[in-house]
Amino acid sequence: MSRATSFSGSERETTAHPAPAVAARDAATRTPDSDRLAAGAGPGAAQLADWRAVDWQAHQRWVQLSNGPVSVIELGSGPPIVFVHGLAGSWPNWLEQMPVLCAEHRVIALDLPGFGASPMPSQPISIELYARTVLELMDALEIDATALVGNSMGGEISCELTLMAPERVERLVLVSPAGISTAGVKGRLPLLRLIHPVANLVSGLVSRQADRIASRPRLRAATMKAVAAQPLRIAPEFAAEQLRGAGKPGFMPALEAIVEHSGGLYERLPQIHCPTLVLWGDEDPLIPVRDADLFASQIEGSRKVVWRETGHVSMFERGADFNALLSEFLDEG
């Protein structure tokens, strides 16, 4: 069985893997207006916990769903939060959120089918399939309604789930969501299909050499700059956990699913009526920050925050303030 992640001393494949200290990262100050740029060090500085101190394997479980088993991590008790990772991601994308939010919430993160430790699903991958997967997981875990937090493809899935079953989503947090500009990738799909076998081999190598790559600043910067604006702000140990999620079989089918689904999402966004927070980085290398305005303008009453000097993954580029802002949003009446 593939590990969930290597925090209690076991490597992804079962080899030993010590967990070195995590370097502190700069946090960002948030200004009071709802449509803002955030920068500097500020009140979120205390909103990080040492994810290495958690025995993650003790919180990992397999949940059998209609399309196969999924690997799930669950901590804490209280109002639930479900975290949904993006393309090429896995549940450790939320390492810095779960140990903090579990103090007052039941926090759940899964590896979507075809990513992380979860095998490919028995049916073809689609955004609708992934939305149904999360809903089915909620049923299995006896969660009637939840706060839903999704990054990139996970944001697109979270939108679809909210449209599919609005009564199941109490609050929605979209972190650089796919679903609008990603429709423009359609013309490049033939080329991407052609080069994917080679890219997948490289990604597999990155996954197997994650610790070595992450420990070397130049290699870490070269790999993490695909998603992060300031890749060297990401601690080597944390970066290694992210790189281990590369090279999974769901990547190309999920990319095609994103593109297919993105063609019609924009027009449906006004049907979302739950409290919604849209988060973006002003230097997002994957999805342009202009999409933040498009999502926010289509979802009535939504709140938009754009972080300075931040890329596609603000949950670990700006982990402390991300947690502070998320806690603030969840506590709003």
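Me: Which handedness does the crossing of helix 6 and helix 7 have?
Reply: Keep in mind that this is a predicted model. The crossing of helix 6 with helix 7 is left-handed here.

Me: What angle do helix 6 and helix 7 pack at, and how far apart are their axes?
Reply: Residues 217-224 make up helix 6 and residues 236-243 make up helix 7; they pack at about 45 degrees, and their axes are 11 Å apart. The two helices are therefore oblique to each other.

Me: Which residues meet where helix 6 packs on helix 7?
Reply: A general idea helps first: an α-helix has 3.6 residues a turn, so residues three or four places apart point the same way. In this case, helix 6 brings Arg220, Thr223 and Met224, and these meet Pro236, Ala239, Gln242 and Leu243 of helix 7. Sorted by class, that contact has four nonpolar, two polar and one charged residues.

Me: Why is helix 7 largely enclosed by the rest of the structure?
Reply: Go by burial, where the cut-off is under 20% relative accessible area. Seven of the eight residues in helix 7 are buried, so the rest of the structure largely encloses this helix. The buried ones are Glu237, Phe238, Ala239, Ala240, Glu241, Gln242 and Leu243. Their cover includes helix 4 (189-208), helix 5 (210-215), helix 6 and helix 10 (314-317).

Me: Let's try a single residue. Is serine 176 buried or exposed?
Reply: Serine 176 is buried, at a relative accessible area of 1%. You'll find serine 176 in the loop between strand 7 (169-175) and helix 4. Leaving aside neighbours within four places in sequence, its contacts include Asn151, Ser152, Trp280, Asp284 and His312.

Terms used
Residues numbered from 1 in each chain as written. Predicted model: local features only at pLDDT ≥ 70, side-chain atom pairs only at ≥ 80, totals over all residues. Heavy atoms only, no water. Axes fitted to C-alpha atoms, helices over the stretch in contact; angles between N-to-C directions. Helix = DSSP H or I, 4+ residues; strand = E, 2+ residues; numbered from the N terminus. Parallel < 35°, antiparallel > 145°, perpendicular 65-115°, else oblique. Left-handed = near helix turned anticlockwise from the far one by under 90°. Contact = heavy atoms within 4.5 Å. Nonpolar A, V, L, I, M, F, W, Y, C, P; charged D, E, K, R; others polar. Buried < 20%, exposed > 50% of the residue type's maximum accessible area, 1.4 Å probe, protein only.
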